[in-house]
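Here is a walk through a single chain, from its overall make-up down to a handful of individual residues. Have the 3D view open as you read.

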Amino acid sequence: DGAEQLSIRKVIQAGFSPPYIKSLQPAISREANRVVESIAGKKVIDLVSEVAGIVPAAVLSWMLGGDSLGTEVVNRWTNVIMSSPRRSTNQRRGNGMLNVYRRLVKLGRRPTALETELRQCEQFIESLLRKSLDERSGGWMIELLCESYHNGSISMAEMIDLCMTFVVAASETTTSSIGTATKILACDHELQTVLRSDESLIDSFIEEVLRYDSPTQRRPRFVVKDTQFNEVIFREGDRVI
């Protein structure tokens with residue numbers, strides 16, 4: 001419910017303060033420069049797999065696992081979560097995919113390959129969290145959640161769900177934004193010239209890209225009760241965009 005979401009939001013809100021986010025800039029810049037240098041001289045590249053998807057995954061790796069994760073791991077779990085059509089209608093208080101998996105087994109239905117991978121993803125994140133709880137070590141996001149867990153502000157199921165939501169929200173939107181910005185520049189040589197001649201305009205350009213072509217194009221929702229909108233009737237449980 002709304003009160004529960006507000007309490008969970010407060011848990012992580014302090015960690016997203018402007019000073020902390022700004023403190024990440026040097027490390028992000030170094031990673032971005034490394035990625036750009038790795039493609040220098042290539043005549044053809046895959047922008048998403050070689051650039052746009054690499055930098056966000058690296059940052060997420062630091063936030064979740066410190067030095068223990070890599071971009072390949074983050075990208076793998078991002079793809080698994082994004083591929084699931086049923087990833088979270090109600091996963092708070094322990095109603096996550098792991099419990100769904102157990103119910104399927106109990107009912108005798110064989111889980112799909114995707115459901116099994118999603119279960120493995122939750123188990124992987126839970127192992128990171130439990131390791132941090134025991135050793136007081138891990139990435140910034142994990143440590144922040146574990147601190148809240150110790151003071152009773154959040155449950156293990158909620159921590160897992162927040163981590164999975166965080167992985168997708170941060171990785172997918174940033175990758176899309178980089179891709180969109182590059183496409184705009186590739187189609188507008190005059191704009192390229194303007195930005196190269198005055199680099200102070202780049203920040204404004206990035207802000208306008210977010211408005212011009214949003215990184216989040218659609219978001220599915222489930223109808224909670226029969227509803228009619230103009231001539232269209234939506235039934236309880238229907239999935240809409």
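## The overall picture

Helices and strands here are DSSP runs, with helices (H or I) of at least four residues and strands (E) of at least two, numbered from the N terminus. Counted that way, the chain has 12 helices and 4 strands. Keep in mind that this is a predicted model.

The chain is 241 residues long, and 34% of them are buried. Its accessible surface is about 15300 Å², with carbon and sulfur atoms accounting for 53% of that. If you take the contacts between residues at least 6 apart in sequence, 57% of them link residues at least 24 apart.

## How far to trust it

Averaged over the chain, pLDDT is 79, and 81% of the residues reach 70 or more. Among the elements, helix α11 (residues 189–197) comes out with the highest mean, 96, while helix α7 (residues 97–107) has the lowest, 50.

Residues 86–98 are the stretch to watch, with pLDDT below 50. The model still gives that stretch 35 contacts beyond near neighbours in sequence. Where pLDDT is low, the predicted coordinates should not be read in detail.

## The nonpolar core

Which residues touch the most other members of the largest nonpolar core? They are L129, M141 and L145, in a core of 34 residues. Several helices chip in with at least two residues each: α1 (2–13), α5 (54–65), α6 (71–83), α8 (113–135), α9 (140–150) and α10 (156–187). The largest share, 9 residues, comes from α10.

M141 is a good place to zoom in. Setting aside residues up to four places away in sequence, M141 touches I12, M63, L64, L162 and F166.

## Helix α5 and the loop at G139

How covered is α5? Mostly: 11 of its 12 residues are buried. The buried set is I54, V55, P56, A57, A58, V59, L60, S61, M63, L64 and G65. The length of the helix checks out too: at 1.5 Å a residue, α5 should span 16 Å, and its end C-alpha atoms are 16 Å apart, so the two agree.

M63 of this helix also has a partner from far along the chain. The C-alpha atoms of M63 and G139 are 4.5 Å apart, although 76 residues separate them in sequence. G139 sits in the loop between α8 and α9. Despite being in a loop, G139 counts as buried because its relative accessible area is 2%, under the 20% cut-off.

## Cysteines without partners

How many disulfides turn up in the whole structure? The search finds 0. Take C121: its closest cysteine sulfur is in C163, and because the gap is 9.6 Å, that is too far for a bond. For C163, the nearest cysteine sulfur belongs to C146, 8.2 Å away, and C163 is in no disulfide either.

Are these two cysteines buried or exposed? C121 is buried, at 0% relative accessibility. C163 is buried as well, at 1%.

## Three more residues to click on

F16 is in the loop between α1 and α2 (18–23). At 35% relative accessibility, F16 is partly exposed, because that value falls between the 20% and 50% cut-offs. Leaving out neighbours within four places in sequence, F16 is in contact with I21, W140 and F166. F16 and the core residue M141 are 125 residues apart in sequence, with 9.9 Å between their C-alpha atoms. F166 is on the contact list of M141 too.

Q192 belongs to helix α11, the element with the highest mean pLDDT. Q192 is polar-side-chain territory you might want to check by eye: is it buried or exposed? With a relative accessible area of 17%, Q192 is buried, because the cut-off is 20%. Beyond neighbours within four places in sequence, Q192 is in contact with L185 and A186.

N230 lies in the loop between β2 (227–229) and β3 (232–234). Its phi is near 55 degrees, a positive value in a residue other than glycine. N230 is exposed, with a relative accessible area of 59%.

Methods
Residues are numbered from 1 along each chain as its sequence is written. This is a predicted model: local features need pLDDT of at least 70, side-chain atom pairs count only at pLDDT 80 or more; totals for chains, interfaces and linings use all residues. Side-chain values use heavy atoms; hydrogens and water are left out. A nonpolar core is a set of buried Ala, Val, Leu, Ile, Met, Phe, Trp, Tyr and Cys residues joined through side-chain atoms within 4.5 Å. Buried means under 20% relative accessible area, exposed over 50%, partly exposed in between (1.4 Å probe, protein chains only). Contact means heavy atoms within 4.5 Å. Accessible areas come from the Shrake-Rupley method with a 1.4 Å probe; for residues, only the protein chains shown count as cover. A disulfide is a pair of cysteine sulfur atoms within 2.5 Å. pLDDT is the predictor's confidence in each residue, from 0 to 100. The expected span of a helix is 1.5 Å times one less than its number of residues.
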